[in-house]
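Trainee: I've got the model open and a few things I'd like to go through. Can we take them one by one?

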Amino acid sequence: MHNDPRKIIHIDADCFYAAIEMRDNPALRDVPFAVGGSSTGRGVLTTCNYPARAYGIRSAMPTSHALRLCPDLQVGPVNMEKYRAVSKEMHKIFSRYTSLIEPLSLDEAYLDVTDNHQFDGSATRIAEAIRADIARELDITVSAGVSINKFIAKVASDWDKPDGLTVVSPEAVDEFSAALAVKHIPGVGRVTASKLQAMGLNTCADLRQLEQIKLAQLLGKFGLTLYERAHGRDDRPVNPERERKSVSVETTFTTDVANGDDCLAPIPKLLDELEARILRAGVAERVQKAFVKIKFNDFSTTTVEKMGTRLLEEDYQLLVLEGLDRKALPVRLMGLGVRLAPEKKDQLNLDIGPTLHS
Ligand code: TTP
Ligand code: MG
């Protein structure tokens, strides 16, 4: 009966890079520890363990700042190859339970286990089995959320971190989503959250009082999505074929910015975030083009792109200026991104290797 709710699991590893380093050097387990660049220059942290988080240390924080918060912080270098290998092992474990796996980053994935009949078809017990396999075989912990759609499963996996499992049953979705703070909805950034808060809209229950059209007028197309999420709804299927085609970051301005040089100000910060996100997704080798996205205050959007594998501030400035030229309107949102070349299939390379040499 295809009207039965889906069974979706969202998995997210706990302090992923740091957990792998702690596994390989247990002396780091109980002391504040982070993975990232050195404290000289522009080094930033990719992540840190939970003892370090108690000092207020966070991902993307400059290492020098983190060391001021906690002078005893140990900082180790980034070993991407190692994290990629562990990520592959995690995926092999997922594939014991379903072929419907949609990776979001190295340490995060959605799984659709609707058609899995192991454990009497209990998604909760499947999630427990996956968590146990990963803990036993890879010696790191992951948190999981289980529910009827991607949105609720993702929010749930964050509910009881680290090493947690949160199940939101079909009957509980309505109440769970009603109580959810708007700022916890994926896609709601700082600016959107404070805009909604200023209107007294703090929870999904508050949003439900609004007409869908009102949210669309307020936030454009995202308003329509938000209306669905506020009701605990999300009909996006888990898409295992999806290959990442781009990586981007964006910022919505607190108030619309006049079309002109002021729009260039956020570029350095956005570029730092973009670099971190590319690293996190493990796709640095596939960068092919740079692009910018500009949303004007009439909600129309334009993108400008250019071939190139280097992330240079000057390039992005030129792209932004080109985009701004297209409409003489104030700017509401700006995004920087890269387009990626298609993924090389390892297996294929191995197969054609000998032919090339013969
Ligand atoms: P996250 O899952 O966001 O963070 P985490 O796994 O370290 O911690 P949590 O327990 O809260 O899930 O990101 C996964 C990895 O991606 C993280 O270990 C390091 C990397 N990363 C960056 O390189 N830069 C960043 O800004 C973030 C947020 C993560
Ligand atoms: Mg994580």
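Trainee: Which residue in S3 is the bridge partner of Ala-34?

Mentor: Keep in mind that this is a predicted model. Strand S2 covers residues 33-36, and 3 bridges join it to S3, with the two running antiparallel. Look in S3 for the partner of Ala-34, and you land on Cys-48.

Trainee: And what is the strand order in that open sheet of 3 strands?

Mentor: The pairing there is mixed. Strand S3 (45-48) and strand S4 (74-76) are the edge strands, each pairing on one side only. From one strand to the next the twist averages 30°. Reading across, the order is S3-S2-S4.

Trainee: Helix H1 lies across part of this; at what angle to S2 does it run?

Mentor: Find residues 16-24, which make up helix H1. The helix lies across both S2 and S3. Its angle to S2 is about 115°.

Trainee: Now the sheet of 5 strands: which are its edge strands?

Mentor: This one is also an open sheet with mixed pairing, in the order S5-S6-S1-S7-S8. On average, neighbouring strands are turned by 15° against each other, direction ignored. The ones that pair on one side only are S5 and strand S8 (165-167).

Trainee: Which residue in S7 pairs with Ile-8?

Mentor: Strand S7 runs over residues 142-147 and is antiparallel to S1, with 6 bridges joining them. Within S7, the bridge partner of Ile-8 is Ser-147.

Trainee: Which strands does helix H5 touch?

Mentor: Helix H5 is residues 123-138, and it packs on the sheet of 5 strands. Its direction makes about 170° with that of S7. The strands it touches are S1, S6, S7 and S8.

Trainee: On to the metal. Which residues are the protein donors of the magnesium ion (ligand 2)?

Mentor: In sequence, the donor residues follow the spacing D-A-x93-D. Two of them link distant parts of the chain: one sits in strand S1 (residues 8-13), the other in the loop between strand S5 (101-105) and strand S6 (108-112), 95 residues apart. The donors lie 2.0 to 2.2 Å from the ion, and they are Asp-12 (OD), Ala-13 (O) and Asp-107 (OD).

Trainee: Why does the arrangement around that magnesium ion count as octahedral?

Mentor: For six octahedral donors, the ideal angles are 90 or 180 degrees. The call itself needs opposite donors over 155 degrees apart and all others between 65 and 115. Here there are 6 donor atoms, and the arrangement is octahedral because of the angles they subtend, 82 to 177°.

Trainee: Is Asp-107 buried or exposed?

Mentor: The cut-off for buried is under 20% relative accessible area. Asp-12 has 14%, so that residue is buried. Asp-107 has 13% relative accessibility, so the answer is buried.

Trainee: What about Ser-95: how far is its C-alpha from that of Ile-130?

Mentor: Ser-95 sits in the loop between helix H4 (80-94) and S5. At 45% relative accessibility, Ser-95 counts as partly exposed. Ser-95 and Ile-130 are 35 residues apart in sequence, and the C-alpha to C-alpha distance is 9.9 Å.

Trainee: Last one: what distance separates the centres of domain 1 and domain 2?

Mentor: The chain is divided into domain 1 (1-169), domain 2 (180-230) and domain 3 (246-340). Between domain 1 and domain 2, 4 residues of the former are in contact with 5 of the latter. Taken over C-alpha atoms, their centres are separated by 27 Å.

Key:
Residues are numbered from 1 along each chain as its sequence is written. Chains are lettered from A and ligands numbered from 1 in the order in which they are written. This is a predicted model: local features need pLDDT of at least 70, side-chain atom pairs count only at pLDDT 80 or more; totals for chains, interfaces and linings use all residues. Side-chain values use heavy atoms; hydrogens and water are left out. Donors are N, O and S atoms within 2.8 Å of the metal (3.2 Å for Na, K and Ca); water is not among the atoms, so sites may look incomplete. Four donors count as tetrahedral if all angles lie between 85 and 135 degrees; four count as square planar and six as octahedral if opposite donors are over 155 degrees apart and all others between 65 and 115; anything else is irregular. Helices (H or I, at least four residues) and strands (E, at least two) are DSSP runs, numbered from the N terminus. Buried means under 20% relative accessible area, exposed over 50%, partly exposed in between (1.4 Å probe, protein chains only). Two strands pair if DSSP finds at least two bridges between them. Axes are lines fitted to C-alpha atoms, for helices over the stretch in contact, and angles run from 0 to 180 degrees between N-to-C directions. Contact means heavy atoms within 4.5 Å. Domain bounds come from an automatic or database domain assignment.
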